[in-house]
Amino acid sequence: MPPHRAGGVAGGGDTSAFFAATLVLWAVSVGFEIGVRGRRELAPVAAGFAFFQAANAAVRASVSRDPIFVNTAVSLLHSFLTSISVIFVLVNQWHTKGLGNMFEHEELFGRSWIGAYSALCFSCGYFAYDQLDMLRYRLYSGWIPGILMHHLILLICFTLALYRNVTINYLILSLVCELHSIFLHVRKLRRMAGFRDFNRMVKLEWVLNWTTFVAARVICHILITYKLITDAHKFGKGIELPLALFGMAGMNLLNIVLGLDLFKAFARERNQQRHQD
């Protein structure tokens, strides 16, 4: 996920009220599905929320009480765990059925690879936790905070997919970008800890940052979008295709903004080191 920006603006009460209300509605909906309709397969959503809330409390009690540091540390944990889960799901599927059939429309749309459903549920719980944490400590900025909109869109897309048990594998592929998020969060924590010299380790960090940004975020999301467009005629008349295309359009736009921010940050750090030398 993209890095967070702190500092709510004046008049942000209306903004926070809207996103808080949507989060409450989401929680009521998930609780109804699990508790009333007996959808026990959705339990990892609640487990994910509780796990990352507990991780937040642990970091706050033992490392730092700075809300941005705590939030970033928990986000790093999510990116790491999600990356491992996604890699496991993909490698297991590759060994089980081979690459030949993995990316067929029927496989991506109507089926769920081993572990994919639970992994998606767990990440869905994380995004709900993170939305709550950012609202609680106002870790956002702007009249229409991009990070809150990002999380709201993901919660809608993920939850509808989980309810209907469709496009699960598409969404697992979209989570490959968490590999890049690892290095985004590492960089932010490094700078917050005071390690800002442009040394060999930082250069390696930037190489990994750019490599995963291009491979795991830009290329991966473009390929998913291309697959959705080429297979558009295979979708039914439901909401799945428009919602998927809307979500990927948002992700691709976010990647452009993120790439520009990364380039500015890289240039700034390199120039600072040159001035020190």
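How much space lies in the second largest pocket? Colleagues, I shall answer that before turning to the cavity. The structure shown above is a predicted model, and in this model the second largest pocket holds about 160 Å³ of space.

Let us consider what surrounds that pocket. Its lining consists of Thr22, Trp26, Ser29, Leu152, Leu155, Ile156, Thr159, Leu160 and Tyr163. Two helices, H1 (12–35) and H6, each supply at least two residues of this lining. The largest share comes from H6, with six residues. In terms of class, six lining residues are nonpolar and three are polar, while no charged residues take part.

I now move to the enclosed space. Counting cavities of 30 Å³ or more, we find one. The largest cavity contains about 340 Å³ of space. It is lined by 28 residues, of which Cys157, Phe158, Leu171, Leu243 and Ala244 are the closest to its centre.

Which helices each supply at least two residues of the lining of the largest cavity? They are H6 (146–164), H7 (168–174), H9 (200–230) and H10 (240–276). Once again I would draw your attention to helix H6: eight residues of the cavity lining come from H6, the largest share. As for residue class, the lining of the largest cavity has 20 nonpolar residues, together with four polar and four charged ones.

To close, let me return to helix H6 on the structure above. H6 provides the largest share of the lining of the second largest pocket, and H6 also provides the largest share of the lining of the largest cavity. Thank you for your attention.

Technical notes. Residues numbered from 1 in each chain as written. Predicted model: local features only at pLDDT ≥ 70, side-chain atom pairs only at ≥ 80, totals over all residues. Heavy atoms only, no water. 1 Å grid on protein atoms, 1.4 Å probe; cavity = no way out; pocket = protein on both sides within 12 Å on 5 of 7 lines; lining within 4 Å. Points joined across faces, edges and corners; volume = space filled by probe spheres on them. Helix = DSSP H or I, 4+ residues; strand = E, 2+ residues; numbered from the N terminus. Nonpolar A, V, L, I, M, F, W, Y, C, P; charged D, E, K, R; others polar.
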